[in-house]
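Reader: Pick one part of this model and give me a proper close look at the charged pairs there. Then widen out to whatever else helps me place it.

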Amino acid sequence: MAQAKIQAKMNEAACSKFNRTLSMADRSAQLLESLDQLEIRVESLRETASAMVQERECILEMIQTIQNGQELRNISAGEKEELNLTANRLMGRTLCVEISVGTIRNSQQEEALRKATAIIDEIVKKLLNDMESGRQQLMALHAACVTEAPPVPIDQKFQAVVIGCALDDQKTIKLRLETLLRNVENAEKNIKIMDHQKLEDPKANGCP
């Protein structure tokens, strides 16, 4: 009889322990599920913030394009002043919007980003002296950042450096190169327009 009671107690304890284990496992699963859902929200937050950073840069670029565009040269001084005041106001308000998306990097990725940034910065410094050569170099760098087959030669050394960067940095580098190429293209267009106007100006040709 005593032995039967002892065995019953042991069975009861075993069942209780088994149930606690299941309860802990269920709780752990619930917590993991919550973390998985939060991870989705975190990635969505980062993507939204990154999109806002790109939108900010796009707005600034469009304001600068309007300020430096040919259309602004073909209006009266009074209208030009009013448009510049509006553009400067919008520029100031846009610059007041500060968005930052940090990237976690290891030491190798930090070094790769530093090298990639230095390469781009060096080309940017040379743009004023030789815009066409700089544009060709920027195109070769950009070709190293795209997956589809580019129509221009690829800078293989730069590609090796970019591959060593964090994924977020790779996207940022690509976007920076695209922005630089657009700015160079716009600058070249403005130079051609101004030079064409100079040639067509009768006073520039010595005519009365």
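Author: Let's fix some words: a residue is buried under 20% relative accessible area, exposed over 50% and partly exposed in between, using a 1.4 Å probe and counting protein chains only. This is a predicted model, so local features need pLDDT of at least 70 and side-chain atom pairs count only at pLDDT 80 or more, while totals for chains, interfaces and linings use all residues. Residues are numbered from 1 along each chain as its sequence is written, and side-chain values use heavy atoms, with hydrogens and water left out.

The chain has six helices and zero strands; these are DSSP runs numbered from the N terminus, H or I of at least four residues for a helix and E of at least two for a strand. Of its 208 residues, 19% count as buried.

The part I'd zoom in on is helix H6 and its charged partners. A salt bridge here is a side-chain nitrogen of Lys or Arg within 4 Å of a carboxyl oxygen of Asp or Glu, and the structure holds nine of them. One of these joins Glu 61 and Arg 182, with 2.9 Å between the closest N and O atoms. That pair links distant parts of the chain: Glu 61 sits in helix H1 and Arg 182 in helix H6 (residues 167–200), 121 residues apart. Glu 61 is buried, at 11% relative accessibility, whereas Arg 182 is partly exposed at 38%.

Next along, Arg 105 pairs with Asp 169, and here the closest N and O atoms are 2.5 Å apart. Arg 105 comes from the loop between helix H2 (77–95) and helix H3 (107–126) and Asp 169 from helix H6, so the bridge ties together parts 64 residues apart in sequence. Asp 169 is buried, at 5% relative accessibility, while Arg 105 is partly exposed at 28%. Glu 110 joins in too: Arg 105, Glu 110 and Asp 169 are linked in a network of salt bridges.

H6 also reaches helix H3 through Arg 176, whose salt bridge with Asp 121 has its closest N and O atoms 2.7 Å apart. With Arg 176 in H6 and Asp 121 in H3, the pair ties together parts that are 55 residues apart in sequence. Arg 176 is partly exposed at 30% relative accessibility, and Asp 121 is also partly exposed, at 30%.

Now a step back along the chain, to helix H5 (residues 156–163). Its buried residues are Phe 158, Val 161 and Val 162. Looking down the helix axis, they fall within an arc of 95 degrees (taken from the directions from the axis to the C-beta atoms), so they line one face of H5. Gln 156, Lys 157, Ala 160 and Ile 163 are exposed on the other side.

What about disulfides, taken as cysteine sulfur pairs within 2.5 Å? The count is zero. Cys 145 is in none, its nearest cysteine sulfur being that of Cys 165, 8.8 Å away. Cys 145 is buried, at 17% relative accessibility.

Last, back to helix H1 (residues 2–68), where Leu 35 lies. Leu 35 is exposed, with a relative accessible area of 53%. Gln 67 is in H1 as well, but this residue is partly exposed at 21%. Between Gln 67 and Asn 88, 21 residues apart in sequence, the C-alpha to C-alpha distance is 9.0 Å.

Technical notes: A disulfide is a pair of cysteine sulfur atoms within 2.5 Å.
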